[in-house]
Amino acid sequence: MPKRTDIHKILIIGSGPIIISQACEFDYSGAQAVKALKEEGYEVVLINSNPATIMTDPELADRTYIEPITLEMVTKVIEKERPDALLPTLGGQTALNVAIKLAESGILDKYKVEMLAAKVDVIRKAEGREEFRAAMQAIGLKVPESAIVHTLEDAMVAGDAIGFPVIVRPSFTLGGTGGGVAYNRQELEALSSSGLDLSMTTEIMVERSLLGWKEFELEVMRDCKDNVVIICSIENMDAMGVHTGDSITVAPAQTLTDREYQEMRDAAIAIIREIGVETGGSNVQFAVNPQDGELMIIEMNPRVSRSSALASKATGFPIAKIAAKLAVGFTLDEIKNDITRETYASFEPTIDYCVVKIPRFTFEKFPEAEDVLSTAMKSVGETMAIGRTFKEAFQKAMRSLETGRAGFGADGKERLDHLELFELETGLRVPSSKRVSYLHEALMRGMTVERIYEMSQIDPWFLRNLEQIVALEQEIRLQDLPGMNREFLKQCKQYGFSDTQLAFLTGTSGNEVRALRKQLGVVPIYKLVDTCAAEFESYTPYYYSTYEQENEASRSDRKKVMILGGGPNRIGQGIEFDYCCVHAAFALAEIGVESIMVNSNPETVSTDYDTSDKLYFEPLTLEDVMNIIDLERPDGVIVQFGGQTPLNLAVALAEAGVPIIGTTPDSIDRAEDRKRFQQFLQKLNLRQPNNDTVYTLDEALSVAGQIGYPVVVRPSYVLGGRDMRIVYSEQGIREFMAKPGMADNKHPVLIDKFLEDAIEVDVDAICDGKKTIIGGIMEHIEEAGIHSGDSSCVLPPHTLSPQLIEEIKQATRAMAEELGVIGLMNVQYAVKDEDLYILEVNPRASRTVPFVSKATGVPLAKLATKVMMGMTLDQLGLTTEVSIKHWAVKEAVFPFDRFKNVDTLLGPEMKSTGEVMGIDDNLGLALAKAQLAAGVTLPVSGTVFLSVRDGDKEGILEAARQLVEMKFTLLATKGTASYLAQHGVPCDQVNKISEGRPHILDKLQDKQVAWVVNTSLGRRTTEDSYRIRRAALELRIPYTTTSSGAVSVVLAMQALRKSSLGVQPIQYFI
Amino acid sequence: MKALIALEDGTIFEGQSFTGRGEAIGEMVFNTSMSGYQEILTDPSYTGQIVTMTYPLIGNYGVNSEDMESAAVHPRAFLVREYNATPSNFRSEQTLAQFLKHYGVLGVEGFDTRALVRHIRTVGALKAIVSTEDLNKESLVARAKAWVGLVGQDMVQKVTCDQPYGWADNRPVPGTRFSTVQAGMSNPLKVVALDCGIKFNQLRIMTEKGCQVQVLPATTDADTILAMEPDGVFLSNGPGDPAGIPGVVEMVRALLGKTPIFGICLGHQILGLAYGGSTYKVKFGHRGGNQPVKDLATGHVEITSQNHGFAVDSDSLDKEVIEVTHINLNDGSLEGMRHRICPAFSVQYHPEHAPGPHDSLYLFDRFVAMMRSEKA
């Protein structure tokens, strides 16, 4: 059936900010869908609050609403745009949930909007626990014994009836939020009450635990003529009990006979039909009893998911793009397979390699959180690797993780040889982000596969392969590098050993290993990901490396530039950098230069095979990158767009003679090296907070004393403010320097004067070496000292004087030109008492580049790429700075609700996973939109609780007054209450927790408070205020932890009282 | 143990035997299924061939006694990228290496199988030799070249049963003239299955669908078959060139119109020749579990299991008499046909799967319905 002609305009809903369990993959799927529908001539309207996405690029959809994804706001978009149809299956759970609300509230009927791909009853049938269970039983499939309950009492009854341990799964939540394993009644009570609260429908399922069963997934697609195909099978290395997003997974399934695989395939097809997903992709999760093969259905996602992104990258089959085409009426046999060109999408990809995905965790950011994996997802990103064997792919994935590891052990890191046996066994039993290291240690000690299986429930097939890696490791240890023969070295590489590991094991250096490899001709070859195991010729240059015979990659004679991507998402390094890399590829295409992308993150747009001319899905280590460079010999390599990952390679690449284009590594060093940076600023007569570099505790104490407390301390070369602290006393310095690796005389520690209550300003600029254009000046809402990635900010600055803005511009230009920046530069300033301080200069793409580009309409990353290719800003027509009449506000989004026992206070260490943008002609409304998009619904009436530290009292006085004016009731703890009373602001007093009951926690639990403002000094949190913030988080009461943040929220509230929120497409603003 | 793989065009690969010493000569083909190596190995259609798996990790789930598609292993050698010696599956009874050794079939791993597959895709299926004994490249290539090959050869005689048998309790039971009865079956349809290299799953499925199956050697004549008064005749898959078995074709022509006929793979090609059409050797064949086939009557696409190196030339068929019912979506080749007058239909692919998707099981129902309606 050809495409439908009865619909013309289609609304696509995105997934909003990056959060745990909803990351770049929905930008990848949404961007593919927008492109696919535009290609077919439909008018596409998009709503997504996340400015760092490719899908919200103004030239992609016809109209792009960077607005909060709420029922109210999407309704307004529908009222304004009157689309014929809505495609809700490509924006994750966020889009699906809002689509259900739109249907239930009658909006879709009222405006005659048809839901494509999956109707609302279909979504309910798949997502509602009870409906799903009934549907499965109707088609003769088994689901774990369970009870669906709506009250705590019923949950306890169900737990007793089913028998512990049980799994708690809230309905309609994302990434298993609020779910978990309860081993006893006490744990069940805790999980049930939070789960009921989190579920959109106050519904949880208490389910028989299948801990230890094997877990599998199938990606399935269906068209409107009921053709169904399976795109990919995935087997989880971690057994049931660990969320699939937190599991190491492998494609295709490894331990199923064809009979068992086909049984699963039949089930998946029956399920998509029974649930009634009309068109598009779904994901079905299975559990298999390893003893007898009994098959149970765990769940089904009636939409494109994180696993579909992985399956797309693993097979080369573009699930999201095809799903979009199926949604408008095409059938699978009408859509060509891009890769083979000859064949159609109506087939099942077959692969001739092994794919391993390993999740990336950031427990180091949340030291209070327990590093234990369960059914609620905790990883913030993932990496994928392709190899011809599991061993090769697994080791490649390990070194792609950006955790400093060079593979599966054998690199001298995270050694566990000191562990007592019982500690080792605990590490094997309890799934955690570190379990891989425990597996390595157990194998090194000669523990049998059977014993390890007993404890870890990881299938022996995986353990045997890991055992083979360790056996070879032990053999390598006995070898002498110069004497190593070609066959043995090749075997090591086929087992995935990196040069770094080989160097470690033989006591040599990576360069020596590399030299020997080249001398012996042990170099990687590249094979294609082609969907068909070479049965057909393929045309898309999507490669992975391996150590075999035939090389399928060939160098073209075009001018070519390589772009190094950012690797797995983690806090501090996310979608913003992928956005920049993708724009670099687009810019190169515009000027006719071949783009070669290197990246290892399967969630991203950059690893889509049609983003660049060539894609190498490879780890971003020096070895792997150099291997590609040896083959491709690019005319230039871009390292300044992919964040810290490629930047860390810059010096070594330059030393190897690789042509790094744009700002020179020396200039980067001049900005990053403390001493050189100081001299640089002195030369330009610019000011920075007093600072010094120290190596020992004594030095640290003396320097801090000279500079004067408070000071900021941090190790040099950090990303996302890792280990950065604000220290108020000698005691703080002692604690900081006592941390491992700090006072070791090798790694410098930086000490800066901390400017209290200063305003922080971020500037993104572009420079062609001579001329500098300011892209955007952003004024932070939170004061200096809070990581810029965690601060909300306003563009253009809302409180800075014109003189100061001019001073900022001049300083930025002077620094860019002095550094000889070619490309992008980001500067962080602090303004205190009208004095301008330079905090940091980064001559590279910053996290705010996409935000600035969306706010101003100037595609900074693209322009910068062209500048790096030698064009001048004049040639590019960028001659004046854009000044905008509207307001754009960036707000950060945090994963605190994922981690128990973690404080929500902000500080110099970055903790946010994503961001949203609020854009409006009115500043207050832009602020309100940013809050709403970040998931905070600001109250319009009720009680506001205030408890602020002394230094903030003056700051919130005016806001408190305005709250009273807006008829809010104020509630405050003693100190704040008496301060307010002294200044004539009426306010009720409430006990602190330590002052006896009823205290503030009681009020919060009774939901008597509509907004919590609680500020506290960085590390010196009192137990009291921590419990207040944590309660607010868990009870989902809006909270603010800085006085400046509170002031901006009040500004937003005032604006909301005057006028309601409207929607405008980004194309209207720019 | 070092093993050399030599193709008739001089291409050499070096691998390692995982089954000890051995040597095999045959036609080099590849299969793209990611699972189902045991069913592939026991499929008689691979007689005379050397099979390379495109999926690199083989042996993972071992071998069991339930997934046998015949009583023996048929390819002459089995080539994989990495053999896994320690299977993990609750049904596994032995390792793949033990299984291959038991049947005296050479297994080789540790070379660039994808390079081999790309080579065959480009130049077509080639005569080949795999050896741990003769490691002289020139000699190997010369011997591969000298091998007679499959074209025009009667390979069916090597695999068809010596004695008739029936099917009961999921196993072959010797006996003729429908003497074997599956317990609990009422009013069964009597099907003669002509064994050109039959796969057990064809028998399992027909039995499940209420057929009493009598398996007969491919050399049985038409009168003998008709004398058994079957409700229908099933023509199985099998190895080699249909042009090499003119006797079987003649026999089938004699059955046309006298009893309902359902043919699969070689059975389909035999019908094509019996209809007066011609067959040809496909460049490198279709072998795998992901071939899309379109049912022209419904427009529905089924994902099919395939294993064939010869095919019926669609242009050679008299379309007045023969209707094309299915085509391959990838290359447009003929995948299914039916006689417009006589009750006969056939498909080039394997609706009995094993290994592969279950999408095409409806064809057995169609056969059952055809027999019932002819009977009525």
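Mentor: Helices (H or I, at least four residues) and strands (E, at least two) are DSSP runs, numbered from the N terminus. This is a predicted model, in which local features need pLDDT of at least 70, side-chain atom pairs count only at pLDDT 80 or more, and totals for chains, interfaces and linings use all residues. Residues are numbered from 1 along each chain as its sequence is written, while chains are lettered from A and ligands numbered from 1 in the order in which they are written.

Trainee: What phi does A:Gly507 take just after α18(A)?

Mentor: A:Gly507 takes a positive phi of about 65°.

Trainee: How many of the eight residues of helix α18 of chain A are buried?

Mentor: A residue is buried if 20 or more other C-beta atoms, placed from the backbone, lie within 10 Å of its own. Seven of the eight residues of α18(A), residues 499-506, meet this, so the helix is largely enclosed by the rest of the structure. Among them are A:Leu502, A:Phe504 and A:Leu505.

Trainee: Against which helices do the buried residues of α18(A) pack?

Mentor: Contact requires C-beta atoms, placed from the backbone, within 7 Å. The buried residues of α18(A) pack against α16 (460-477), α17 (486-494), α19 (510-520) and α21 (622-632) of chain A.

Trainee: Which strands do bridges join to β3(B)?

Mentor: Two strands pair if DSSP finds at least two bridges between them. Six bridges join β3(B) to the antiparallel β9(B), residues 126-131, where B:Leu126 is the bridge partner of B:Met28. Five bridges join β3(B) to the parallel β4(B), residues 49-53, where B:Val51 partners B:Val29.

Technical notes:
A residue is buried if 20 or more other C-beta atoms lie within 10 Å of its own, exposed if 12 or fewer, and partly exposed in between; C-beta atoms are placed from the backbone. Two residues are in contact if their C-beta atoms, placed from the backbone, lie within 7 Å.
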